[in-house]
Amino acid sequence: MAERLFITGAAGNTGRAFLETLFASPEGRGADVTCLVMPGDPNGDLSGWPVRTVAGDARDTASISRAWDGDRTIVNISSIYHSGSILEGCPGAKRIVAISSTGIFSRFREEAVRIEASEETVRSASVPWTIMRPTMIYGTPIDRNMSKLIRYISRRRVIPLPGGGRSLFQPVSAFDLASAVLASLTAPAAEGRSYEISGGSVHTLREIVSMIAGILGKRITAVPVPLRAAAAALGLIPGLPVKPVQVLRLLEDKVFDHSAAAADLGFSPVKLEEGLRRQIGLMGMLPR
C-alpha cells in the first residue's frame with residue numbers, strides 16, 4: 001500500500017470511517033498520513049488517530065499547496081467538485097483516489113453534468129487515478145442523510161413519505177466504502193477504473209423508515225405525501241437550502257451493480273439492517 005497519504009475530507013462521515021478502517025488494518029501500520037481539515041470544523045479533532053492535521057480548504061489551491069509536502073497518494077473524500085484545486089495544489093502526487101457519486105447517472109442533468117466534468121478533471125490528470133461512485137452513504141452519527149432520518153423518526157409517530165416511499169434505494173455503509181478505498185490503494189486493476197459502490201441490499205423508502213423504527217423500538221404511522229406538489233411549493237420559497245430537484249430525485253430508483261468492485265477490490269457490503277443497527281448503536285440510540 002502507498003504509505004504516504006494526503007486525505008481531504010478526513011473529518012467527515014466517510015473520512016472518519018476511512019481512518020478507522022485504515023488504522024485497524026495491517027496496511028495502516030506505519031502509514032504516514034496528512035489530513036487537510038477545514039479551520040473551525042466542529043469534527044476536526046482527529047487526535048484519536050496517528051495523523052498529521054493541517055488547516056486548509058480543499059476548494060483553495062493556495063491552502064492546499066501550503067499543506068502539501070509532496071510524493072503522496074491523494075485520497076479525495078471532501079468532494080469530487082474539489083478535484084481541480086486539489087490536483088493543482090498537489091504537484092508530484094503519486095496517485096489519486098477520488099470519491100464521486102452515482103448522481104452522475106441522474107436524469108436530472110444539472111448535477112450529473114457537474115459531476116461528469118469533475119470526474120473528467122481526475123481522468124485527464126497526469127497521475128494514476130481511481131474513481132469511486134457511492135450511493136447514499138450512511139453509517140456514523142455525522143452522516144448527512146440517514147442520521148437525520150433516524151433522529152427524525154425517533155422524535156415522531158407520524159412520518160411523511162414523499163411519493164408514498166415507493167422509490168428504491170441501496171445505501172452503502174461508510175465503513176464498506178472505506179474498505180473499498182483502502183483495497184483500491186493496492187489493487188493493480190483499480191488504476192484507471194471507476195467503480196459503482198452500492199450497499200448489500202435494496203429497499204424502498206417505506207421499508208427503510210419501517211426498518212429504522214423497528215430497530216428503535218418505535219411504532220409509527222407512515223403518511224404518503226405527493227412529491228411533485230411538494231417540490232413545486234419549495235420552488236416558490238426563496239433562499240430555501242433544499243432545491244426542488246433534490247426532492248424530485250426521490251422519484252428515481254437508486255440501485256447500482258457493484259460487481260466490478262467485488263471482483264477487483266473484494267468489495268462485500270453489509271445489508272442495510274446490519275449497517276443501520278451499527279449506526280444507531282454508534283448514535284447511542286439502541287433501546288435498552
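The exercises below concern helix packing and single-residue environments in a predicted model.

**Exercise 1. Helix H7 and its surroundings**

Task: Compare the length of H7 with the expected span, and state which elements its buried residues pack against.

Solution:
- Step 1. H7 covers residues 205–216, which is 12 residues. From first to last C-alpha the helix reaches 17 Å, close to the 16 Å expected at 1.5 Å a residue.
- Step 2. The buried residues of H7 are Leu205, Ile208, Val209, Met211, Ile212, Ala213, Ile215 and Leu216.
- Step 3. These buried residues pack against two helices, H5 (146–155) and H11 (272–282), and against strands S8 (158–162), S9 (168–169) and S12 (203–204).
- Step 4. After the helix comes glycine 217, with a positive phi near 75 degrees.

**Exercise 2. H7 against H11**

Task: Describe the packing of H7 and H11 by angle, handedness and contact residues.

Solution:
- Step 1. Two packed helices are described by the angle between their axes and the distance between the axes.
- Step 2. For H7 and H11 the axes come within 10 Å and cross at roughly 45 degrees. The pair is therefore oblique.
- Step 3. The crossing of H7 and H11 is right-handed.
- Step 4. On the H7 side the contact involves Ile208, Met211, Ile212, Ile215 and Leu216, and on the H11 side Leu272, Glu273, Leu276, Arg277 and Ile280. Sorted by class, the residues of this contact are 8 nonpolar, no polar and 2 charged.

**Exercise 3. H5 against H7**

Task: Carry out the analysis for H5 and H7, giving the angle, the handedness and the residues that meet.

Solution:
- Step 1. The axes of H5 and H7 come within 10 Å, and the crossing angle is roughly 60 degrees.
- Step 2. H5 passes H7 in a right-handed crossing.
- Step 3. Met146, Leu149, Ile150, Ile153 and Ser154 of H5 meet Ile208, Val209, Ile212, Ala213 and Leu216 of H7. The contact of H5 with H7 comprises 9 nonpolar residues, 1 polar and no charged.
- Step 4. Ile208, Ile212 and Leu216 of H7 appear in the contact with H5, and these residues also appear in the contact with H11.

**Exercise 4. H1 against H6**

Task: Classify the packing of H1 and H6 and give the composition of the contact by class.

Solution:
- Step 1. H1 spans residues 13–23 and H6 spans residues 174–184. Their axes are 8 Å apart at an angle of about 60 degrees. This makes H1 oblique to H6.
- Step 2. H1 passes H6 in a right-handed crossing.
- Step 3. From H1, the residues in contact are Asn13, Thr14, Ala17, Phe18, Glu20, Thr21 and Leu22. From H6, they are Ala174, Phe175, Leu177, Ala178, Ser179, Val181 and Leu182. The contact of H1 with H6 has 9 nonpolar, 4 polar and 1 charged residues.

**Exercise 5. Two buried residues**

Task: Locate isoleucine 74 and serine 100, and list what each one touches beyond its sequence neighbours.

Solution:
- Step 1. Isoleucine 74 lies in strand S4, residues 73–76. Its relative accessible area is 0%, so isoleucine 74 is buried.
- Step 2. Leaving out residues up to four places away in sequence, isoleucine 74 touches Phe6, Trp68, Ile86, Leu87, Cys90, Ala93, Arg95, Ile96 and Val97.
- Step 3. Serine 100 sits in the loop between strand S5 (95–99) and helix H4 (109–123). Its relative accessibility of 7% is under the 20% limit, so serine 100 counts as buried.
- Step 4. Outside four places in sequence, serine 100 is in contact with Ile80, Ile115, Glu119, Ile131, Met132, Arg133 and Pro134.

**Exercise 6. Accessibility outside the buried class**

Task: Assign glycine 266, arginine 155 and aspartate 71 to an accessibility class.

Solution:
- Step 1. Glycine 266 lies in the loop between helix H10 (259–265) and H11. At 58% relative accessibility, over the 50% cut-off, glycine 266 is exposed.
- Step 2. Arginine 155 belongs to helix H5. Its relative accessibility is 58%, so arginine 155 is exposed. Arginine 155 and lysine 218 are 63 residues apart in sequence, and their C-alpha atoms are 9.6 Å apart in space.
- Step 3. Aspartate 71 is in the loop between helix H2 (61–67) and S4. At 45% relative accessibility, aspartate 71 counts as partly exposed. Although not a glycine, aspartate 71 has a positive phi of about 55 degrees.

Terms used
Residues numbered from 1 in each chain as written. Predicted model: local features only at pLDDT ≥ 70, side-chain atom pairs only at ≥ 80, totals over all residues. Heavy atoms only, no water. Helix = DSSP H or I, 4+ residues; strand = E, 2+ residues; numbered from the N terminus. Expected span 1.5 Å × (residues − 1). Buried < 20%, exposed > 50% of the residue type's maximum accessible area, 1.4 Å probe, protein only. Contact = heavy atoms within 4.5 Å. Axes fitted to C-alpha atoms, helices over the stretch in contact; angles between N-to-C directions. Parallel < 35°, antiparallel > 145°, perpendicular 65-115°, else oblique. Left-handed = near helix turned anticlockwise from the far one by under 90°. Nonpolar A, V, L, I, M, F, W, Y, C, P; charged D, E, K, R; others polar.
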